[in-house]
Amino acid sequence: MKPLFLAAASGLVGAALAGALFIAFPSLTTGKDDDDAAGVKAAAPAAPEGVVMLDKAQATRAGIAMVPLAPAQVATVRQGLARALDISTLSAIQSEIVSAEAASATSDADYKRQRALAGDDQSASAHAVELARAQAVADRARLDAAKQRIGLEFGPGLTRLSLKSLGDLLHAATAGQASLIRVDFADGAAPPGALVRIGETTVRLLGPAATADTHLQSAGSLAIIHGPLARELGSGRVLPATMAANTSENGVLVPREAIIRYQGGLWVYRVEPGGGYRRIELTDARAEAQGWFARSGVKPGDRIASGGLGVLLSIDRGGEPVGEDD
């Protein structure tokens, strides 16, 4: 994000520079001093509405350079939502599994002992052996039922966790260091193992959730998230989630240093065919590793300003103080 902060900083410096330029406006617009400007016989043509007119020398003094936009193709991004799940039930299930495992191990050992005694010296009756076997079978069934509750109540993806991993998850969630989350995409469930981006964190989906979301009517997927976002999600927040799809989109990749943030939006200054710079908002731009991908507003072949954006914005707004967003 460093280039964005640089753009913001350049905007503040540009605002101050623009104020100074306005004090000496004739020299900015003509490149000459006041005496020379007074001697101009023909008035310059009026700039088109919404276009900032600067000649090459003025643009150089303002630190403005031109950046041509080339076509770009990036993977389509699926948009979804992520929210934390209440794991109090999961904690109860995990406790039930631990108890059932201990009971099953005990009854299985008793059945084997009774069977051995009956085979050696007949000190154990056939009835005692059958009772021990019945108890072992019953305890094994309770253990299986407890394990199945995880898949039935949360989703089959969570059944892949071992009992130790399940305990680690519950311990970390209690400490606010991890959270079991559900991710929903409106266009369908994501495949198990897919990577999903939530804020600055990437998580891998475990598998489908057990039930559809009652509000979104979508089939969700389960994942485990660690770090600061786990605490935010655990407090009840719902955060946007994104993942790459198998299709691609066409547009342009705009360098970060060519973007200025203003009034909550992302803007560029496009060089107009007749000269000058027009401010264009990138309404659907999204961040990529190499810059901002935009499908509309600008197109391949357009030239945009890079650097000096604060000067352009201040002139564009009639010299009003520039309050850029960070």
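Modeller: A residue counts as buried under 20% relative accessible area, as exposed over 50% and as partly exposed in between. The structure under discussion is a predicted model.

Colleague: By that definition, is D139 buried or exposed?

Modeller: The relative accessibility of D139 is 5%. A residue under 20% belongs to the buried class. D139 is therefore buried.

Colleague: With which residue does the side chain of D139 meet in a salt bridge, and how is that partner placed in the helix?

Modeller: D139 and its partner stand three residues apart in helix α6 (residues 126-153), which means that about one helical turn separates them. The partner is partly exposed, with a relative accessible area of 46%. The salt bridge has an N to O distance of 2.2 Å, and the partner is R142.

Colleague: How many salt bridges does a search of the whole structure find?

Modeller: Side chains of opposite charge can pair when their charged atoms come close. Besides the contact between D139 and R142, there is one between D302 and K299, at 3.2 Å from N to O; D302 is buried, at 10% relative accessibility. The search of the whole structure gives a count of 19.

Colleague: Why does the salt bridge between D284 and R295 tie together separate parts of the chain, and how far apart in sequence are those parts?

Modeller: The side chains of D284 and R295 meet at 3.4 Å, N to O. D284 belongs to the loop between β12 (277-281) and β13 (286-288), whereas R295 belongs to the loop between β14 (291-294) and β15 (303-306). The pair therefore joins parts whose separation in sequence is eleven residues.

Colleague: Which residues do salt bridges that share partners join into one network with D284 and R295?

Modeller: D284 is partly exposed, with a relative accessible area of 24%. R295 is likewise partly exposed, at 46% relative accessibility. Through shared partners, salt bridges join D284 and R295 into one network with E249, R286 and E288.

Colleague: What is the C-alpha to C-alpha distance between R295 and A72?

Modeller: R295 is placed in the loop between β14 and β15. Along the sequence, 223 residues separate R295 from A72. In space, their C-alpha to C-alpha distance is 9.4 Å.

Colleague: What distance separates the C-alpha atoms of Q114 and R133?

Modeller: Q114 is part of helix α5 (residues 88-120) and is buried, at 18% relative accessibility. Q114 and R133 are 19 residues apart along the chain. Their C-alpha atoms are separated by 8.9 Å.

Colleague: How far apart are the end C-alpha atoms of helix α7, and what span should its twelve residues have?

Modeller: Helix α7 covers residues 163-174, and at 1.5 Å a residue its expected span is 16 Å. The distance in the model agrees with that expectation: the end C-alpha atoms are apart by 17 Å.

Colleague: Which exposed residues are carried on the face of α7 turned away from its buried side?

Modeller: The buried residues of α7 include L166, L169, L170 and A172. They cover an arc of only 165° around the axis, which means that they lie on the same side of α7. The face turned away from this buried side carries the exposed residues K164, H171 and T174.

Colleague: Which residue follows α9 with a positive phi?

Modeller: Helix α9 (residues 309-316) is mostly covered, with eight of its eight residues buried. Among them are L309, V311 and I315. The residue that follows α9, with a positive phi near 75°, is G318.

Colleague: Which residue in the turn between β5 and β6 has a positive phi?

Modeller: β5 (residues 195-198) and β6 (residues 201-204) pair in the antiparallel sense over four bridges, and R197 has T202 as its bridge partner in β6. The two strands form a hairpin with two residues between them. In the turn, the residue with a positive phi of about 60° is G199.

Colleague: Over the face of which aromatic residue does R279 lie?

Modeller: The structure holds zero aromatic pairs. R78, however, lies over the face of F185, 4.9 Å from the ring centre. R279 is at 4.4 Å from the ring centre of the residue asked for, W267.

Note on methods:
Residues numbered from 1 in each chain as written. Predicted model: local features only at pLDDT ≥ 70, side-chain atom pairs only at ≥ 80, totals over all residues. Heavy atoms only, no water. Pairing = 2+ DSSP bridges. Phe/Tyr/Trp six-rings, centres within 6.5 Å; stacked < 30°, edge-to-face > 60°. Lys NZ or Arg CZ within 6 Å of the ring centre and 35° of its normal. Expected span 1.5 Å × (residues − 1). Buried < 20%, exposed > 50% of the residue type's maximum accessible area, 1.4 Å probe, protein only. Arc of directions from axis to C-beta. Salt bridge = Lys/Arg side-chain N within 4 Å of Asp/Glu carboxyl O.
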